[in-house]
Amino acid sequence: MITSIVLIKTSTDRIPEIAEQIAALDSVSEVYSVTGAHDLIAMVRVVDHDDLADVIPGRISKVPGVLSTETHIAFRTYSQHDLESAFAIGLDA
């Protein structure tokens, strides 16, 4: 599974509506409204790199009100949840 973090600039008067439209797209697992240089961050999870072209420029960028996107592809995923699960293997709670 390939995870991409997509930083999105939008029309500021429509952030909630744009976020909802992006969140409804296949392969988009979460959309966050954030502070800073970007308005939204979308987490995109696909099986193949070619699928990124279908999702990001093919669908996210075409949502009315999306002004620009910047995509970062994750090499590895680290999370507290994963670490806790790994250390709990074989232990009785």
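## The nonpolar core

The largest nonpolar core of this predicted model contains 19 residues. Within this core, the residues with the most contacts are I8, I22, V28, L40, V44, V55 and I60. Two strands and two helices, namely β1 (2–10), β3 (40–46), α1 (15–23) and α2, each contribute at least two residues to the core.

I22 illustrates how such a residue is surrounded. Apart from its neighbours within four places in sequence, I22 is in contact with I8, V28, V31, L40, A42, I60, V63 and V66. Several of these partners, including I8, V28, L40 and I60, are also listed with I22 among the core residues that have the most contacts.

## Overall architecture

The protein has 93 residues, and 28% of them count as buried. Its secondary structure comprises three helices and four strands. Followed along the sequence, these elements appear in the pattern β-α-β-β-α-β-α.

Two further values describe the protein as a whole. The accessible surface amounts to about 6300 Å², and carbon and sulfur atoms account for 55% of that area. When contacts between residues at least 6 apart in sequence are considered, 66% of them join residues at least 24 apart.

## The sheet

The four strands form an open sheet in the order β2-β3-β1-β4, with antiparallel pairing. The edge strands are β2 and β4, each of which pairs on one side only. From one strand to the next, the twist averages 20°. As a general point, strands of a sheet pair through backbone hydrogen bonds, in either a parallel or an antiparallel manner.

Individual pairings can be followed in the structure. The antiparallel strands β1 and β3 are joined by seven bridges, and I2 stands opposite V46 in β3. The strands β2 and β3, also antiparallel, are joined by five bridges; here S33 has L40 of β3 as its bridge partner. The hairpin of β2 and β3 has six residues between the strands, and in this hairpin G36 adopts a positive phi near 110°.

## Helix α1 against the sheet

Which residues of α1 are buried? They are I15, I18, A19 and I22. These residues lie on the same side of α1 because they cover an arc of only 100° around the axis. The face turned away from this buried side carries the exposed residues P16 and E20.

The buried residues of α1 pack against four strands: β1, β2 (28–33), β3 and β4. I22, one of these buried residues, has contacts that include V28 and V31. The direction of α1 makes about 165° with that of β2.

## A buried loop residue

I56 is located in the loop between α2 (49–55) and β4 (66–73). Is this loop residue buried or exposed? I56 has a relative accessible area of 5%, and it is therefore buried, since the cut-off for that class is under 20%.

The surroundings of I56 include residues from other parts of the chain. Leaving aside neighbours within four places in sequence, I56 is in contact with S4, V6, S61, T69 and T71. I56 and A42 stand 14 residues apart along the chain, and their C-alpha atoms are separated by 9.8 Å.

Methods
Residues numbered from 1 in each chain as written. Predicted model: local features only at pLDDT ≥ 70, side-chain atom pairs only at ≥ 80, totals over all residues. Heavy atoms only, no water. Buried < 20%, exposed > 50% of the residue type's maximum accessible area, 1.4 Å probe, protein only. Contact = heavy atoms within 4.5 Å. Core = buried A, V, L, I, M, F, W, Y, C linked by side-chain atoms within 4.5 Å. Arc of directions from axis to C-beta. Pairing = 2+ DSSP bridges. Axes fitted to C-alpha atoms, helices over the stretch in contact; angles between N-to-C directions. Areas by Shrake-Rupley, 256 points an atom, 1.4 Å probe, with all protein chains shown as cover.
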